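Work through the exercises below with the sequence and the model side by side, and try each task before reading its solution.

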Amino acid sequence: MNTTVAYGAVSPAVPPWLNKGDNAWQMTASTLVGIQSMPGLVILYASIVKKKWAVNSAFMALYAFAAVLICWVLVCYRMAFGDQLLPFWGKGAPALGQKFLVNRAKIPESNHTRDGTYETIEPFYPMATLVYFQFTFAAITMILLAGSVLGRMNIKAWMAFVPLWLVFSYTVGAFSLWGGGFLYHWGVIDYSGGYVIHLSSGIAGFTAAYWVGPRLKSDKERFPPNNVLLMLAGAGLLWMGWSGFNGGAPYAANIDASIAVLNTNICAATSLLVWTSLDVVFFGKPSVIGAVQGMMTGLVCITPGAGLVQSWAAIVMGMLSGSIPWVSMMVLHKKSTLLQKVDDTLGVFHTHAVAGLLGGLLTGLFAEPELCALILPLSNTRGAFYGGSGGKQFFKQLVAAMFVAGWNLVSTTLILLGIRLFIPLRMPDEDLAIGDDAVHGEEAYALWGDGEKYDPTKHGWNTSMYAQDITVPSPYVADARGVTINL
């Protein structure tokens, strides 16, 4: 008697340990996080900067996405999630071999057991899925960092900086907090990258902005977005992609993933509304750019505890992430000599370092014991709000933040000083005055008359028809930058 089975149910491609639902969700989450960078941040960066820097800003993100992937599979994945070399670093090795990629995923020695020993976490999908998922986090960290140095960093210096920072900075934070390093074993909570990604990119970006130097004075004083609506499209991709960012953190399509996705959106919405309200109260009108910044700080703040806090706590975190970074950006920044001295183009320090630190500390307060129990390595964890050992948890979160910030400050400085020996970190002023055309030989928009003098013979204006002075129709009075056209 013939029987039927589901397609692939007995295939060698479906080993007994594979959970198709988990694998499908993890690959979907990976794609969502990838879309945050490509095209999300590419679009956002190209739109939020001055028109003459649109191509360069987009290219910095595009290059980083590609370069990180190759470095990741060649050596960096196993530096972040491989066998331990040092308490804060893994043994680097390629993640390219067939035998490595088709085997069941595992994270070495990253799970506490009741008797105090460690065991390996093994999700129900192949290593190839985990390698790609973690790559998308590494890539977006690098691209977020770029936001601090847009509009003046030498593109060749950036091309050298990306692989070096990935190797010597990102992998350290990732291994220490996620890959079985000393902070993980100590019980520090970083659910989906508040420290590994956001605090790191914010501190490293601020440090890089200091060493690269400022934009031209004219750019710094006036840097309007060239396309606000397209900027919103990029921001929308970033927000929606965050469901994969935090929803993929449990390494499974489980209850905690659902909690994380809901909390992520609650916190982002609350933060956006609070930031916008503060803009209205103090400046008299809601700012679209401000709304995007409020959205961003909410997404960043919830990240270290998305699946570990109750939804009412997500609202509280949203209220704080919409107000504290607002104060640091709109008030403290204007009063601080240090903050004003460093030209952080997109304010990554405020939207990522401040919001990431805030989220990590609030997670130390609001991590709910029953939700923590859903994540095996955190089964005995609780925030200070729930008593018991919660006070120690808050202290651990603070110490971990100091380590991550300190490492990124030092490593970023050393990397840039090393690059500076061979490549100038900042473009020459003459290139900065021109922008994209000088750097890439390309411009974002092919607008008539943009940057060129009016030539009657070239543009078909028949001057022989006019014996007297004429009044030029309005489209011909000035080009897109307000340069008057003379006949």
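**Exercise 1.** In which loop is tyrosine 251 found, and is tyrosine 251 buried or exposed?

*Solution.* Begin with the ground rules: this is a predicted model, in which local features need pLDDT of at least 70, side-chain atom pairs count only at pLDDT 80 or more, and totals for chains, interfaces and linings use all residues. Residues are numbered from 1 along each chain as its sequence is written, and side-chain values use heavy atoms, with hydrogens and water left out.
Next, locate tyrosine 251 in the loop between helix H9 (228–247) and H10, where helices are DSSP runs of H or I with at least four residues, numbered from the N terminus.
Then take its relative accessibility of 15%, which makes tyrosine 251 buried (under 20% relative accessible area, with a 1.4 Å probe and protein chains only).
Finally, look at the backbone, where tyrosine 251 has a positive phi of about 65° although it is not a glycine.

**Exercise 2.** Find the residues that a cis peptide bond joins, and give omega.

*Solution.* The bond lies between methionine 38 and proline 39, and its omega is about 15°. Proline 39 has its place in helix H1. For background, most peptide bonds are trans.

**Exercise 3.** Describe the surroundings of glutamine 397.

*Solution.* Start from helix H17 (residues 390–420), which contains glutamine 397. Glutamine 397 is buried, its relative accessible area being 0%. Leaving aside residues up to four places away in sequence, glutamine 397 touches Val188, Ile189, Tyr195, Gly360, Leu361 and Gly364, a contact being heavy atoms within 4.5 Å.

Technical notes
Helices (H or I, at least four residues) and strands (E, at least two) are DSSP runs, numbered from the N terminus. Buried means under 20% relative accessible area, exposed over 50%, partly exposed in between (1.4 Å probe, protein chains only).
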